[in-house]
Amino acid sequence: MHRRTRRTLLIVAAVLGSLAVAVFLRSKAPPEAARLLPESDGIIYIDIKPVRIFLHKDLKPPRPVPEYQQFIDATGIDWEQDLDQAAIALHRMDNPNGPNGPVAYSMVLVGRLTGQKLNTWLDGHATSREDYAGKTIYNIPSEGRTVRVAQIGYDMLAISNTPTPEQIHSIIERHRSAALPFSGSSLLERHFHDVPLLSVAWGVGQIGLPFNESGAISIFGFELPLPSDATIVASLAPALPVPGKLDVLRLKVEEFAPNETEAANQAASLNALVALARGFTAPLGNNSANNALKALLKDASVTQHHERVVVTASLPGGLLASVAQ
């Protein structure tokens, strides 16, 4: 009896050990929505649910415009309330003057986003359909291009506006093998380990593509001294993980320069740009958004570590709430 008990305990210990290893590996892997994305030039991910929970008291949902209310009534989906996670792959276009502009998108959206009402809406707006690996892809025309939509899980939508269906096919195929903890694109494999733990939003790769103007990244009218194809790792994470609070987020942006000399030049240019932005925002009136922006710029710092240029700043909850309005 003693031997049998010992054997049973060993079996239980082995099972628990295997489960612990599986949980550890899963914690180190990118979120499933990001792992489903196809090969791309950049990836942006945001976990909206915790942000919505933490800022619930500060957010005042706007009244939907009539067209959006019609969409809510027809599909049963309110993006502001029902979307929990969004993973977006950025695809550089060879022809920036084409219907997609400089960048096309592939997305995996997670939340209360599926159901028969949505199927009916998609069926009514699609000009054609494709059955692929057991999933229905709805092809919907939009501004000279085709937007492809597929429900790939009970809480997941795949969307892509790339010129060919290759990208949405890849998402569907990856969904079939999503249980593998380290599956995902080569971009995630190279750079996800650079994303800080507990980040609620992050981006890796050429995430400046949507802000491309004449080959440079332009944000809020400021042209950053970075090429649009710069490799960047950006993240937002709680400064102090206090349960139920998201008063301050730490913004961290790392750019991988070609060499140390280029990194030094870019760091100097960014420091000058931060000083210029502080001067522009100083005369702004006192309100929560302006004060939060001033606090962000006051705390911002730019440093150089070999070939990396690192920008850090604190993002006050007031600024996050004003942007989310």
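The questions and answers below go through a predicted model of one protein chain.

Q: How many helices and strands does the chain have?
A: The model is predicted, and its chain holds 325 residues, of which 41% are buried. Among contacts between residues at least 6 apart in sequence, 62% join residues at least 24 apart. The count of elements is 11 helices and 15 strands.

Q: Over which residues is the pLDDT below 50?
A: The mean pLDDT of the chain is 81, and 79% of the residues reach 70 or more. One stretch falls below 50, and beyond near neighbours in sequence it has six contacts in the model. Where pLDDT is low, the predicted coordinates should not be read in detail. The stretch in question is residues 13–27.

Q: Is Ile-43 buried or exposed?
A: Ile-43 lies in strand 1. Leaving aside neighbours within four places in sequence, Ile-43 has contacts that include Leu-37, Ile-88, Leu-187, Trp-202 and Val-204. Buried means a relative accessible area under 20%. Ile-43 has a value of 0%, so this residue is buried.

Q: How far apart in space are Ile-43 and Ile-207, C-alpha to C-alpha?
A: Ile-207 is among the residues in contact with Ile-43. In sequence the two are 164 residues apart. In space, their C-alpha atoms are separated by 6.6 Å.

Q: Which residue in helix 7 forms a salt bridge with Glu-39?
A: Glu-39 sits in the loop between helix 2 (32–35) and strand 1 (42–47), and its partner is 135 residues away in the chain. The closest N and O atoms of the pair are 3.6 Å apart, which is within the 4 Å that a salt bridge allows, so the pair counts as one. Glu-39 is partly exposed at 42% relative accessibility, whereas its partner is buried at 18%. That partner is Arg-174.

Q: What is the N to O distance in the salt bridge of Asp-123 and Arg-129?
A: A search of the whole structure finds eight salt bridges, and the side chains of Asp-123 and Arg-129 form one of them. Asp-123 is partly exposed at 39% relative accessibility, and Arg-129 is partly exposed at 41%. The N to O distance is 2.7 Å.

Q: Which residues are joined into one network by salt bridges that share partners?
A: Glu-254 and Lys-252 form a salt bridge, with closest N and O atoms 3.7 Å apart. Glu-254 is buried at 6% relative accessibility, while Lys-252 is partly exposed at 30%. Shared partners extend this to a network of Asp-194, Lys-252, Glu-254 and Arg-308.

Q: Why are the buried residues of helix 4 said to be on the same side?
A: The buried residues of helix 4 (residues 66–75) are Tyr-68, Phe-71, Ile-72 and Thr-75. On the other side of the helix, Pro-66 and Gln-70 are exposed. The buried residues pack against helix 5 and helix 6 (116–125). They are placed on the same side because they cover an arc of only 100° around the axis.

Q: Which residue with positive phi follows helix 4?
A: The residue after helix 4 has a phi near 75°. Asp-82, in helix 5 (residues 79–82), is in contact with this residue, and also with others including Arg-52, Val-110 and Leu-113. Asp-82 is itself buried, with a relative accessible area of 11%. The residue that follows helix 4 is Gly-76.

Q: How far apart are the end C-alpha atoms of helix 9?
A: Helix 9 (residues 260–281) has 22 residues. At 1.5 Å a residue, the helix should span 32 Å. The value in the model agrees with this, the end C-alpha atoms being 31 Å apart.

Q: Within what arc do the buried residues of helix 9 fall?
A: The buried residues of helix 9 include Ala-263, Leu-270, Val-274 and Thr-281. Seen down the helix axis, the buried residues line one face, because they fall within an arc of 130°.

Q: Which residue has a side-chain oxygen within 3.2 Å of the backbone nitrogen of Thr-261?
A: The contact is at the start of helix 9. There, a side-chain oxygen reaches towards the backbone nitrogen of Thr-261. The oxygen belongs to Asn-259.

Key. Residues are numbered from 1 along each chain as its sequence is written. This is a predicted model: local features need pLDDT of at least 70, side-chain atom pairs count only at pLDDT 80 or more; totals for chains, interfaces and linings use all residues. Side-chain values use heavy atoms; hydrogens and water are left out. Helices (H or I, at least four residues) and strands (E, at least two) are DSSP runs, numbered from the N terminus. Buried means under 20% relative accessible area, exposed over 50%, partly exposed in between (1.4 Å probe, protein chains only). pLDDT is the predictor's confidence in each residue, from 0 to 100. Contact means heavy atoms within 4.5 Å. The expected span of a helix is 1.5 Å times one less than its number of residues. The arc is that of the directions from the helix axis to the C-beta atoms. A polar contact is a pair of N or O atoms within 3.5 Å; within protein, one must be able to donate a hydrogen and the other to accept it, and residues adjacent in sequence count only if both atoms are side-chain atoms.
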